[in-house]
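Dear colleague,

Please find below the structure that I am handing over to you. My notes on the ligand and its surroundings follow it.

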Amino acid sequence: MFKKILIANRGEIALRVIRTCKEMGISTVAVYSTADADSLHVRFADEAVCIGPPKSAESYLNIPNIIAAAEITNADAIHPGYGFLSENAKFSKICGENGIKFIGASPEMIDGMGDKASAKATMEKAGVPVVPGSPGLLKDLAHAKKTAKKVVYPVMIKATAGGGGKGMRVVWSEDEMEDHWNSARQESAAAFGNDGMYMEKFIEEPRHIEIQIAGDCTGKACHMSERDCSIQRRHQKLVEETPSPFMTEELRERMGEAAVRAAEAVKYEGVGTVEFLVDKNRDFYFMEMNTRIQVEHTITEEVINFDLVKEQIKLAAGEKISGKNYYPQLHSIQCRINAEDPFNGFRPSPGKITTYHEPGGHGIRIDTHVYASYVIPPHYDSMISKLITVAQTREEAIKKMERALDEYIIEGIKSTIPFHIQLLKDEKFRAGDFTTKFMETFEIKEN
Ligand code: MV4
């Protein structure tokens, strides 16, 4: 087992990893930018190294400085958390070259899954359902038009280097193709330095349901139940829950098995997520594979009573999975509390938290790095805490969340708490009747 892990991240996830390391008897090294000197991850780690100025590019994305910090502290592994360098093939490779275990995917895995068209081809070959579309990349506009006729409109053109909705367009008819083709390619070239595009049938009003998986060094994988992440706004998840209200035992088994096929096909090592689109007929299609611990891993931990970060560290150290699959025993919901003004288009609201009081009691979990008098820096993402409830049923988890949101006091900045309070009152949400389009029509009422 590792003796010392450097956590190449900040905020709640840095703290989350430090906590598990402490429980495992592993020493921890925090790295921080000058904007985060007062952050809790710096306080709670055994050692801390400043790696640069506030800007991410010069600190949390600064590979030479992070490797230097690992070397001077003698860390034998690096946990990258999510975001930042967590899915950076170059970083994974450099860690390996310096004799530091990267607690995440190999450079080959990251590159293979990062190219969406080739990941899709790999999955199709492994027998994982994929959205019908172009067999590979589209050569030019004429090829796109010809392919769309076969796929049948509406279609989607997607950047092979894409993710998070960038370089992606819905095309409803041939006369729209040229404009979308040009703009999507331009956007992809600018964002990713790669303008390769592929095509899929457009799935209208899908649900986003992902399967947590784990794989070990023998090539064996297991599934660990699903998360419904359909409540999103501009590709930012707002609420996640498990089980999905749309799930059936039969669908869970089919999706779980497909996710295991996906993981085993690429000999996936570590914890990961296979994302699917699920249509109204409960047909599901592979979308992406995430090779990191995700923000919403918490709800899975609650319903299967299992520490996923501990598992991640154990698998990186060469331990094997138990071989069984994990099924949800409870219901868990997570509300992301962001420093944003929900009444003004979710505009970021950094600054000082003057008053802070957390809810508590049975079935409540809060993962956060903030405290009273903490100043939220403007340089990073706006998530300040994750409020998680767990209960026997969905109804109880919702009621508990309403009670917790009412108790939660954050003053000095705007937060998304009032949004969550309104969302939980929504009839469609309460009925579990929502898709990825839900937020497009949800109206936030001025309090
Ligand atoms: C789709 C789709 C409909 N049909 N693909 C959005 C992000 C990227 N990972 C894939 N995305 C989508 N791909 C086909 N063929 C709809 C989306 C989509 C979406 C997916 C998951 C969660 C939220 C979404 C919001 C808008 C569009």
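Strand S6 (155-163), strand S8 (197-201) and strand S13 (284-290) each contribute at least two residues to the shell around the ligand; helices (H or I, at least four residues) and strands (E, at least two) are DSSP runs, numbered from the N terminus. This is a predicted model, in which local features need pLDDT of at least 70, side-chain atom pairs count only at pLDDT 80 or more, and totals for chains, interfaces and linings use all residues. Residues are numbered from 1 along each chain as its sequence is written, and side-chain values use heavy atoms, with hydrogens and water left out.

The ligand is surrounded by 16 residues (each with a heavy atom within 4 Å of it). The closest are Lys 158, Glu 200, Lys 201, Ile 203 and Glu 288.

Three polar contacts (pairs of N or O atoms within 3.5 Å) deserve your attention. The side chain of Glu 200 places an N or O atom 2.9 Å from a nitrogen atom of the ligand. For Ile 203, a backbone N or O atom lies 2.9 Å from a ligand nitrogen atom, and for Glu 288 a polar side-chain atom lies 2.8 Å from a ligand nitrogen atom. Of the 530 Å² of accessible area (Shrake-Rupley method, 1.4 Å probe) that the ligand has on its own, the protein covers 89%.

As for domains, whose bounds come from an automatic or database assignment, the chain is divided into domain 1 (4-103), domain 2 (132-201) and domain 3 (207-441). Domain 2 and domain 3 each supply at least three residues of the shell, and their C-alpha centres lie 30 Å apart.

Yours sincerely

Definitions and conventions: Polar contact = N/O pair within 3.5 Å; in protein donor to acceptor, adjacent residues only side chain to side chain.
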